[in-house]
Amino acid sequence: MAHVELNDLVKEFDDVTAVDGISLDIPDESFTVFVGPSGCGKTTTLRLIAGLERATDGEIRIGDEVVNDRRAYERDIAMVFQNYALYPHKTVRENMRFGLEQHDTPEDVITERVTEAAELLQIQDLLERKPSELSGGQQQRVALGRAIVRDPAVFLMDEPLSNLDAKLRVQMRAELNKLHEELSTTTVYVTHDQVEAMTLADQIAVMDDGQIQQVGAPTHVYSNPRNMFVAGFLGSPSMNFIEGTLERDSAGKLQLDIGTETHDVPDEFDDELESYLGDEVVLGIRPENISLNQDGIAANVHPATVQVVEPQGEKTVLEVGLDTGQTIKAAVDPDTTVQMGDSVNLRFDRDSLQYFDPQTGESLTYESKSEQKLTA
Amino acid sequence: MAHVELNDLVKEFDDVTAVDGISLDIPDESFTVFVGPSGCGKTTTLRLIAGLERATDGEIRIGDEVVNDRRAYERDIAMVFQNYALYPHKTVRENMRFGLEQHDTPEDVITERVTEAAELLQIQDLLERKPSELSGGQQQRVALGRAIVRDPAVFLMDEPLSNLDAKLRVQMRAELNKLHEELSTTTVYVTHDQVEAMTLADQIAVMDDGQIQQVGAPTHVYSNPRNMFVAGFLGSPSMNFIEGTLERDSAGKLQLDIGTETHDVPDEFDDELESYLGDEVVLGIRPENISLNQDGIAANVHPATVQVVEPQGEKTVLEVGLDTGQTIKAAVDPDTTVQMGDSVNLRFDRDSLQYFDPQTGESLTYESKSEQKLTA
Amino acid sequence: MSTEKQSLRRKLDRLFVPLTVGPTMLWIAGIIVYPTLKLLWSSVFWTNPIDGQKEFVGLRNFERLIFAEGGSGTVFGLAPDFVSITWHTFVYVGLSVSISFALGLGIALLLDKDLKGRGWFRTAVIVPWILPYVMSGLMWRWMFNSEYGAINGILTQSGLLSSKIAFFSDGTLAMMALVIADIWVFTPFIIIILLAGLQNVPEQLYDAAEVDGAGKVSRFVNVTYPFLKPSILVALTIRIIFDIRALDLVWVMTQGGPGKSTEVWASWLYRTAQVFNRPGEGAALGVVLLAVTFLIVAVLYRVFGESPY
Amino acid sequence: MSTKQSTLGQLIAALGLDTENEWSHVVRERLVAYALLGLYVFVIWFPIYFIFITSIKPTSAVLDIPISFLPTQPTVSNYVEIFQNRPFELYTLNSLIVASTTTVICVTLGTVTGYSFSRYDFVGNKTLLLSIVGARMIPPIALIVPFFSIMSNPPLIGGLTGSLYDTRIALILTYTFFNLPFAVWIMKNYFDGVPESLDEQARIDGCSRWEGFVKIILPMAKPGIAATAILAFIFSWNEFVFALVLTSSEQAQTLPIAVSLFVADDFVDWAHLAAGGMIAALPGILFGLFFQQYIVSGLTQGAVKE
Amino acid sequence: GGNGSSDGGSGSDGSDGSDGSGETTGTGTESMADSIVFYNAGSLKYDPGTEANIERFEEETGISVEVNEVPWNNLKTSLTTIWRNEDATVDAFNGPTWWLADFVASDWLEPLELGDSHMSNFPTNLQDLVTLDGKTYMAPEFGKWGTFLYDQTHFEAQGVSEPPSTWDEVVSKGQQLKTEDTSPFAFTWANKDVFTFKQFLYQAGGQLFNDSNEPVFVDAGMDVMDFFTELREQDLIPDGISSMGEGGTGDTFIAGQLASVESWTPLGARALDADSWGKDRLASAKPPKGPDSRATFQDTNGISVSAFSEKKRAAKKFAKFMTTPESSKTNMKVEGNPAVIPSVYDSEAIQSQYPSWLLEDMKFNLEHAKSETYLAQPQVDDYLSEQITPALLGDKDPQQALQTAQNNIESLYQDIGLL
Ligand SMILES: Nc1ncnc2c1ncn2[C@@H]1O[C@H](COP(=O)(O)OP(=O)(O)OP(=O)(O)O)[C@@H](O)[C@H]1O
Ligand SMILES: Nc1ncnc2c1ncn2[C@@H]1O[C@H](COP(=O)(O)OP(=O)(O)OP(=O)(O)O)[C@@H](O)[C@H]1O
Ligand SMILES: [Mg+2]
Ligand SMILES: [Mg+2]
C-alpha cells in the first residue's frame, strides 16, 4: 500500500504527446478513477505508473520514492490490461498463478487465492482452458483475476469490465468495491463507464488531450464541473448547452436572452455573472434535470416540440426542439406517453443550472456552487 | 442486403456446446441485437453467420441460400471483431481500404468512403499510424471503420463500442443508427450495453447458455420478459425478485404473503394467477419502478430502511432492507436527501409488476401483459 | 465480378490445400522415392568391392557394423568401431550443437534488442556461414597449424605457452579443433532462425510479465521461450541433422585422423560407401543414421513441439 | 542542453546511450549488448582476418616465425597469380544461379505448403509433414550414387533433357530436394506463431484463401521467409559433396569446388590458398553486405511485433 | 566372385573389341573423335607441366582436350560414382598407380595397348606396376617418390659433412644435427602415413602382401617400428608427426627447421626457388639404407582411359602422347615433376636446369622405387593406418598394432574372396 504522486508527467511518442504534464496526488488507500475521451492518455498514464513506459519528463513517486528509473517488476503493482495480454500458452489457472509465483507466494496461499478469485469472477469452470478457448468477457475476467489475486502496493486497472454484460458488471463492480474495502490497496482505475466511475471512485480525474481537467469526488465533479469539457463529458446523454446573452430584465434580475426566449438566472449567481452582463454566456442543463411541466407556465419553463422519443428501459430520452430552434435532450420517466410531434413544456431544475464562459469554457459558477455544497 | 435465418444451429467445441440449437429469423434490413451474459455464445453465433466457424448442426441461410458450405469471403459480410483483429503491418488507412480493394471498389470511391468513415469515427488524424500506435478506443474505431466503409449484405458487429467513452459512444450509436437508416443493411449486433441494445435494435435476442431466451422489440422484451432470466438480465440495476405465497385476503383479493408483510396483486392478474393459489410465486419489480412514498400508507407501500446510498449521477441507487429482511434496490431521483439508516416507504408502481413461477422461472403474466400492450 | 470469375475463384479456393501441398509433395516424392528405396534396398545387399558382385545378405550388414563378430575390444558385444565412432559423433555433435546453441541464442537475444547498427552486426555475424565450408575447414586447419597457425602464434608469442601444440596429432585436441570450427561455422544459422522466431513474441506479454513481477530470466522462461519453442525446435533439429551427417569440415580438417580419433558417422559412411566401395554397408549405416536422426527429432518434438497458441 | 555536442556525445545519443532519454537499465543493457556483440564479432572475424593477412603476405613470408599478425609487406601477387589461372567469375556465377534458383523454389513452395500445414487440418496433415521432414533425414552422403544416376539419366523427362550431369539444373534439383523439406517445416512452425484471427479478418474483408494468404499473411511472414531464404541460399552456396559428384567443369562447378581445387594432393600452398579462399569468400561477403538491409528487415518486420 | 577378372577379360574382348581392333588396324566404325574429356586431379595451376603438354597435344593432333578439374581428395569418388553408373562422361583421367587394381577389377578401365616401344621407355618396376593380367592400364606420366633432401648449411654448421647413408647413421648423425630450433629428420606423415610406412617397409626388405595375396608385413614392419621408436625417443623427429602433411614437412624444411627430410613432392624444385635457399644450401642424397635397401615408395601418376568412354581412340592417343619422352621432359622442365623415363634425366635441357647431383639421385630413386598394386587398397590402407598411427605416436604397442592390422586385412581379403 502506498500513495502515488505524479508531478508534471509528460510522455511523448515520436510525434504525439500522449501525456502532457499531469500532476496528481493519489492518496494511499484511495480509489482513483481516470475518465476521459478515447485517446486522451489514460492508458499511457497507467503504463507510466506501472513502469512500462519511460516518462519523457516529470516525476513519478510511489510511496515516498521516485520510481522513474525503477523497472516495472520492481514496483510491486498489479495491472489489468485493456487488451488483456493473457499468456496464450498458459491455462487460465496458470495465468492467474503466475504473478503470485513470481512473488514467491507459498503454494497454499496461491491455491487459495486463485480458487477464491475464480469463484468471485465466475470462472471456476474455465481454469484448465487456454485463453484462445474463452469468450471475450471470460478473457477479461481472467485478466482481472490475474491482478486481484495479487497483494500489490498499487492496483492499476484499465477498463477491466468493458466486455462484461450489465448484470455481471454490476456484480463485479460490487466485488471490486468489497475488495477495496477489505484490502484498501491504492487503486488507479480507467473506465469509460460513468456509473462505474461514480460508484467506485473516491476521486475521479477527468482527462482530455493528455491533461487533467478536473479532479475531485465523483458527485462533486459531476455536479460542479470546472469547465464545459468536464460538464459535457460526464453524464449520458450529456449536458445540454444553450448559448445566450446575459442581460437584466426590467425587474433588474439577470436573464439570458437565448433567441426568441429568455431564461431567468437564479439570484444566487448574481455575483459571479454580473461582470458578464452583455456578454455571451452558456447555460448548461443536464437532460435528467429537465422535466415535463404540463401544469402551466412558471419560471424557466420552455415550450418545445418532441422530435425523437428514445425509450431506454429505465428512462426515456426525448430530443426536443426549443422554439429557438436548438435541439436539446431530456431524460424523462419511461412511463411517459408523449409522442413525436407533441408540444411540451420543459422545466429546468433551477438547482442544477450551470453557466460557462463560451470563450474559455470555464465554469462561471464553479466556485459558488462548490461553496454551497461545502457549506451545505 | 439480405435476410438471415438460423435454423436449429448448433456449435460444439471439443467439450463445450457454445451454441445449442438456435433458431432465429433476422429480417432483411433489420437491426438485430444479441445480448446475454458473458460466454453465452454471442460471438460464436456471429462467427457462424460469418462463416468463420463451421456449424456442428443446423442451417444458416443468407438471402434464400443455405450458406453452411459457403466460405466467409463468399458471404459478403462485414464484421467488427470483439478483439479488433487489425492488420498489424498495415496503417489505419490501409486497414480500412483493404476490404474495399478486395471488392474491386474504384479508387475514388475507396478514398471517399475511407475519408468519410474516418471523419465520422474521429480518426482522421490517425490514418497513417500503425495499430500498435493507437489507444484501445482508437483501435476499436478503426475496426469499426473497416466494416462500415464496406457495403455488404450483412453487417456483423461484436461489441464494437465497448472501449469508447460514454460521450463518443452516444455519438457512434447515433452514427450507426443513421448509417442503418441510410443503407438499411441487415445488421447483427452484439452488445452488453443495455442502452445500446434498446436504442439501436429493431429486435433484440436475449441469449443464455447457448440458447435464445426471448426475441422481440426491445421495449417489449424489457417490459415483458418471458422469464426470470430475461427479466433479471435486462436492466441495471436488475429487477428485484421477491418470493411469496399466493393467497386471498379477507376481501377475496389475491395477495402475496412475503413474510412479515403482504403485497396486493392487481386485479387484472386474477385469471393468470388463480391457479397458483397457495403456491410460491415470485414478484418482480424493477428498481426504477420503486419510488419513495413519504406521504402515508397506501396499497403496495412497503416500509424499509436505507442501507446504501449510491449516487450515480443521473440517478441514485438505494439499497433498502424490507421489513421481511430481504434487500432490494431502488433507483431514485439524484436530488433525494435520504441517507443511510433512514426509514422510508417504498411504493411499487403497480403497472410494472411481474409475476413468475419460481420453479420454471416462466413469467405468469407474460401473455396478459403482452396483450395489454398490443391492445393499448 | 463476373460469375465465371467467381466460380473460378471458388474452385481455386477449394483447391487451396491440394494446390499448395500437392506440388511440394510431388516434388519431394518424385525425387525421394527412388533414392530412398534404393537406400533401403542396398542395405540388405553386400557388394564385393572388388568385382561388384552383389549378394543378398538380409540384415548382415547391420550386424557387422553394429555388433562385433566376437573378438577383442568389444563393449557389450558392440563393434569397437561402432562404439568409438558413435562416441566421437556424440562428442562432436553434442558439444558443437550445445555450445553453438547457447552462443546463438545469446547473440540472437542481443540482436533482437533495439540497437542502432544492429543491421551491420547481423551481417557481420552471418558471414562465417556464408563462406564455403571447405574454405572454412581449410582456414581452421591453417589456424590450428602446429607451426604457423595463428592459434599457436598467439599462444607462444604472447608467452602463454613455451612450445607449440600439435593440435592435429592428438585425438582430443583435433576433436576440439573440429568442434570450434563447427561452432564457428554454424552458430549464424542458430542466430538467424532464433532471430526470426523472436519476432513472433507479442510485446504486450512482456509488459504483462513485468507487471506480474517477472525479472529478466522469468520473462525469458515464461514469455520468450514459449514463443521461441517452434524456432528452437527447427534450429536444434536442423542443426543436429546437419551435424550428424556433416562431412565437409571433418574431411577437410582431419579426415577422421589422427588414426580414427575424429572419425564420425558421416565420415565413416562416406569412407565405407565411397572410398571403400562398399555401398551395402554404407547404406546400412545410412539406415542406422536415419533411425537415430528420427529418434532424436522425435525427442526434440516431444520437448519443443507445441505452438504457443 | 548546449547546442554544441561533442562527436562522442552525438554518437552516444545516436546509439541511444544517453541516460536522459532512456531508462538507465536500458542504457546499461545496450552498453553490455554492444560490448558483447563487439567481442563476438571480433572473435569470429579473427580467422577471416588471419586468412586475409596470409593472403597478402609474400609467399615466402607466410611461413615466417614469429607469425606477424599485421600486414608487413603487403602484396597482391597471390591474387594476381590466382586470377590469371582461375575463372572465378564463372564459379561465382554458377554459385549465384544455383543458390538463388534453389532459394526461390524452396521459399515459394515452402511458404505455401508450410502455410497449409499450419492452418488446415486436412487428412494426413501430420503424416505428410512428418514424411516431408523425414525425407530429409536420410544422410545425403548415402544418396550420392542414386542421385548421380537420376541426374545423368533423368526418369520421365530424360527424353527431353538428356543427361543433366554437369549442369546447374542438376544441382538446383538436388538442392531443392534437400532444402524444400526444411523450408516447409520452418515456415509451418513460423506460421504457427502468426495469430489466426488475421486470416479470419482477411476472409471477412473478402479474401479467398489465396488472396488472404498473399495479401495479409505473407507480408507478416517476412522474418520466417527471410530465415528460410537465407538457409536455402547458404546451404546451396556451400554444398560440396553433390556439387563434386554432379559437376565436372566450370559450366556448373561452384565456389566450394573452386576452393578445394587449391588443395593439391601433396602440399597446401597456404598463400595462394588464402588468396583463393578470400576470393571465394568475397561473393558471399559482398552478397551479405548487399542484401544486409533485406536480411535485416526481413528478419524483423514481424507480424505480431512491431 | 572369381569371375570378376575373367569378366574383365571377356568384357574387353567383347564389347570393346571394335575399339581394340580400331586401334591396331587404324580403321573401324569409330572414327577419331575431335575432343575428349580429361579429368585432372586438382587445378591445372598446380600441374603446369601437364598443361603445357596438353597444349602441345591439341596443337599437334587437332583433338581438343576438355580438362575438368576435380579436387584431388575427391577424384576417386567422382570416378567411382560415374562408373558405377556406367556413364561415358569421362574419357581419360590422371591418377596414381595404386588405384589401378580396384578399377581394373571392376572393369572400369580400358587397356591402353601402348605398344612395347612406348612402354620400354619406362623402368621395369614401373612397367610392372601398370600392367595387370598382361594388359597395360595406365600410361605413367610423372613420378613421385621419396627424395632425401638436406640442408647443407645446417649440416656444415653442425659439423656433419656427409648425409646419413643408413638408418643407423640417421640416428647417430641425428644427435649431432639436433639443435633447439631444428629437428634432424622428418618425413611425410598425416594421411600419408601408410606411404611412409611402406617406404620404410621396403627399405627393410618387407612387403605388404606376398604373391598369394597374403598380408605378410609384421616382421619387416617391426624393424620399421623399432627405427621410428628410436627416432621418437631420442627426439630426432619433430613432435606431432601426424600433422606433418607433405605440405607441413616441406614448408618446415624450407623454413629451415629440419636438417633433412624425405619427401615425395617436387620439394627440391620448390626449395631451390625459395628465398634464402639456393644450390649451395640444398643438397640431396640417396635415401638412407635400411636393413635391406635404399628403395623408396613409388607413387607415380599416370593416365588411364575409361572403359565406358565413347572416344577411346582419341583418349588412348592422348594417354600415349602425354607420356612420351618428349612430354615427360616438358613436364619436368615446366613443373619440376620427376620424369618417369630415365633417359629424360640425360637430356640437355634438363641437365642445364637442375643440378646434376639432384638429377642423379632422382634417377636412382626412379629405378629403385618400389610399390605394390593390391586390391581394396583404400580399406587395406585404412586398416594399416588406424593401427600404425597410434603405434608410431607411442600410444600403442607396435607388435600388437601390426599384428592387428595384418589380421584385419587378412579377414578383409577372406571376406571379399581373395583368400
Ligand atoms: N475455441 C473454443 N474452444 C472451446 N470453447 C470455446 C471456444 N470458443 C468459445 N468457447 C466457449 O464457448 C462459449 C461461448 O463463447 P462466445 O465467445 O460465443 O461467448 P460470448 O457470448 O461472445 O461471450 P462474451 O460476451 O464474453 O464475449 C464460452 O463458454 C466459451 O468459453
Ligand atoms: N506507441 C505509440 N506510438 C504513438 N502514439 C501512441 C502510442 N501509444 C499511444 N499513442 C497515442 O497516444 C494517445 C494516448 O493514448 P492512450 O492509449 O493513453 O489513450 P487512452 O486514453 O487509453 O484511450 P482509450 O480510451 O481509447 O484506450 C493516443 O492518441 C494514441 O494514439
Ligand atoms: Mg486506453
Ligand atoms: Mg464475445
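How many salt bridges does a search of the whole structure find over all chains? The search finds 59. The structure is a predicted model. The close-ups below take in some of these pairs, a ligand site and a surface patch.

**Figure 1. Ligand 1 sits between chains A and B.** The ligand is surrounded by 20 residues. The closest are A:R129, A:S135 and A:G137 from one chain, and B:T43 and B:T44 from the other. Sorted by class, the shell holds 11 polar, 5 nonpolar and 4 charged residues. Two helices each supply at least two shell residues: α4 (136–148) of chain A and α1 (42–50) of chain B.

**Figure 2. Oxygen atoms of ligand 1 meet polar atoms of A:G136, B:G41 and B:T44.** At A:G136, a polar backbone atom is 3.2 Å from a ligand oxygen. At B:G41, a backbone atom is again the partner, and the distance is 2.9 Å. At B:T44, the partner is an N or O atom of the side chain, 2.4 Å from an oxygen of the ligand. On its own, ligand 1 has 630 Å² of accessible area, and the protein covers 89% of this.

**Figure 3. Helix α1 of chain B is mostly covered.** Of its 9 residues, 8 are buried. They are B:K42, B:T44, B:T45, B:L46, B:R47, B:L48, B:I49 and B:A50. B:T44 is also one of the closest residues to ligand 1. Just after the helix comes B:G51, with a positive phi of about 90°.

**Figure 4. A:R47 and A:E53 form a salt bridge.** Their closest N and O atoms are 2.9 Å apart. Are these two residues buried or exposed? Both are buried.

**Figure 5. A:K178 and A:E175 pair along one helix.** Their salt bridge has its closest N and O atoms 3.6 Å apart. Both residues belong to helix α5 (residues 166–183) of chain A. They are 3 residues apart, so about one helical turn separates them. An α-helix has 3.6 residues a turn, so residues three or four places apart point the same way. A:K178 is partly exposed, at 44% relative accessibility. A:E175 is also partly exposed, with a relative accessible area of 22%.

**Figure 6. B:E107 and B:R97 form a salt bridge between two helices.** The closest N and O atoms are 2.8 Å apart. B:E107 lies in helix α3 (residues 107–120) of chain B, and B:R97 in helix α2 (residues 92–102) of that chain, so the pair ties together parts 10 residues apart in sequence. B:E107 has a relative accessible area of 47%, so it counts as partly exposed. B:R97 has a relative accessibility of 15%, so it counts as buried.

**Figure 7. A network of salt bridges links residues of chains A, C and D.** Which residues of chain C are linked in it? They are C:K113, C:E210, C:K216 and C:R219. Chain A contributes A:R71, and chain D contributes D:E29. Side chains of opposite charge can pair when their charged atoms come close.

**Figure 8. Leucines of chain C form a nonpolar patch on the surface.** The patch consists of C:L8, C:L12, C:L15 and C:L19. Together they have about 330 Å² of accessible area. C:L19 is found in helix α2 (residues 16–42) of chain C. With a relative accessible area of 38%, C:L19 is partly exposed.

Technical notes. Residues are numbered from 1 along each chain as its sequence is written. Chains are lettered from A and ligands numbered from 1 in the order in which they are written. This is a predicted model: local features need pLDDT of at least 70, side-chain atom pairs count only at pLDDT 80 or more; totals for chains, interfaces and linings use all residues. Side-chain values use heavy atoms; hydrogens and water are left out. A residue is near a molecule or strand if one of its heavy atoms lies within 4 Å of it. A polar contact is a pair of N or O atoms within 3.5 Å; within protein, one must be able to donate a hydrogen and the other to accept it, and residues adjacent in sequence count only if both atoms are side-chain atoms. Accessible areas come from the Shrake-Rupley method with a 1.4 Å probe; for residues, only the protein chains shown count as cover. Helices (H or I, at least four residues) and strands (E, at least two) are DSSP runs, numbered from the N terminus. Ala, Val, Leu, Ile, Met, Phe, Trp, Tyr, Cys and Pro count as nonpolar, Asp, Glu, Lys and Arg as charged, and the others, Gly among them, as polar. Buried means under 20% relative accessible area, exposed over 50%, partly exposed in between (1.4 Å probe, protein chains only). Patches are made of residues with over 30% relative accessible area and no salt bridge: like charges are joined within 9 Å, nonpolar side chains (Val, Leu, Ile, Met, Phe, Trp, Tyr) within 5 Å. A salt bridge is a side-chain nitrogen of Lys or Arg within 4 Å of a carboxyl oxygen of Asp or Glu.
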